[in-house]
Amino acid sequence: MKERNKKAVMHQNKKQSESIKENKSRFDKAKQRRPNKAKVIEAPDTDTIKPKVRFITIDTEDAGQRIDNFLLRTLKGVPKSHLYRLMRKGEIRVNKKRVKPIYKLMNEDVLRIAP
């Protein structure tokens with residue numbers, strides 16, 4: 001009876017070692033198929049992607065319009081809350097002065113929009 005148990009245990013150990021080897025070989029094959037995809041990306045030169053200040057001169061067509069509505073039309077996709085924040089911070093100026101959203105644009109106003 002003990003010999004049978006020994007044989008069963010040996011057989012079981014052999015199966016376990018084979019499955020471990022099989023798993024290792026699967027892992028090695030998978031590792032060979034999928035090399036490490038991590039790449040080092042260098043930061044681009046700041047001179048090439050540096051956003052610039054935009055100056056817009058208001059013509060007769062846009063005169064009389066509120067600045068917030070004008071900016072919503074010109075800067076498509078920018079939320080209204082973001083435009084209000086930029087005006088409060090002074091990043092959007094008219095004739096070198098800070099303006100409120102209720103400011104009505106006049107002919108020949110120079111609008112400065114920070115990057």
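Select Asp-62 to begin: at 13% relative accessibility this residue counts as buried (buried means under 20% relative accessible area, exposed over 50%, partly exposed in between, with a 1.4 Å probe and protein chains only). Asp-62 sits in the loop between strand 1 (54-57) and helix 3 (67-74). Helices (H or I, at least four residues) and strands (E, at least two) are DSSP runs, numbered from the N terminus.

What is on screen is a predicted model, in which local features need pLDDT of at least 70 and side-chain atom pairs count only at pLDDT 80 or more, while totals for chains, interfaces and linings use all residues. Residues are numbered from 1 along each chain as its sequence is written, and side-chain values use heavy atoms, with hydrogens and water left out.

**Around Asp-62**

Keep Asp-62 selected and add Phe-70, Arg-73 and Leu-105, the residues that Asp-62 touches when those up to four places away in sequence are not counted. Contact means heavy atoms within 4.5 Å.

Now show the side chains of Arg-73 and Asp-62, which meet in a salt bridge (2.7 Å, N to O). This pair links distant parts of the chain, with Arg-73 in helix 3 and Asp-62 in the loop between strand 1 and helix 3, eleven residues apart. A salt bridge is a side-chain nitrogen of Lys or Arg within 4 Å of a carboxyl oxygen of Asp or Glu. Arg-73 counts as partly exposed because its relative accessibility is 40%.

The structure holds two salt bridges. For the other pair, select Asp-68 and Arg-66, whose side chains meet at 2.8 Å, N to O. Asp-68 is buried, at 2% relative accessibility, whereas Arg-66 is partly exposed, with a relative accessible area of 29%.

**Strand 4 and the chain end**

Go to Arg-112, which is found in strand 4. With a relative accessible area of 28%, Arg-112 is partly exposed. Select Arg-93 as well: Arg-112 and Arg-93 are 19 residues apart in sequence, yet 5.1 Å apart in space, C-alpha to C-alpha. Arg-112 touches Val-53, Arg-54, Phe-55, Glu-91, Ile-92 and Arg-93, leaving out residues up to four places away in sequence.

Next, move to Pro-115, in the segment after strand 4 (110-113). Pro-115 is exposed, with a relative accessible area of 58%. Add Arg-54, which is 61 residues from Pro-115 in sequence and 7.5 Å from it in space, C-alpha to C-alpha. Beyond four places in sequence, Pro-115 touches Pro-51, Lys-52, Val-53 and Glu-91.

**A nonpolar patch**

Select Val-53, Phe-55 and Val-110 together: they form a nonpolar patch on the surface, with about 250 Å² of accessible area together. Patches are made of residues with over 30% relative accessible area and no salt bridge, where like charges are joined within 9 Å and nonpolar side chains (Val, Leu, Ile, Met, Phe, Trp, Tyr) within 5 Å. Accessible areas come from the Shrake-Rupley method with a 1.4 Å probe; for residues, only the protein chains shown count as cover. Phe-55 has its place in strand 1 and counts as exposed, at 56% relative accessibility.

**Two positive phi angles**

Most residues other than glycine have a negative phi. Select Lys-96, where phi is near 65 degrees, a positive value. Lys-96 is in the loop between strand 2 and strand 3 (97-98) and counts as exposed, at 76% relative accessibility. Then select Glu-108, where phi is near 70 degrees, also positive. Glu-108 lies in the loop between strand 3 and strand 4, and at 55% relative accessibility counts as exposed.

**The whole chain**

Zoom out. The protein chain has four helices and four strands, which run α-α-β-α-α-β-β-β from the N terminus on. Buried residues make up 17% of its 115 residues. The accessible surface comes to about 10200 Å², of which 54% belongs to carbon and sulfur atoms.

Finally, color by pLDDT, the predictor's confidence in each residue, from 0 to 100. The chain mean is 76, and 57% of residues reach 70 or more. Among the elements, helix 1 (residues 2-33) has the lowest mean pLDDT (60), and strand 2 (residues 92-94) the highest (93). Select residues 36-40 last: pLDDT stays under 50 there, and the model has zero contacts for them beyond four places in sequence. Where pLDDT is low, the predicted coordinates should not be read in detail.
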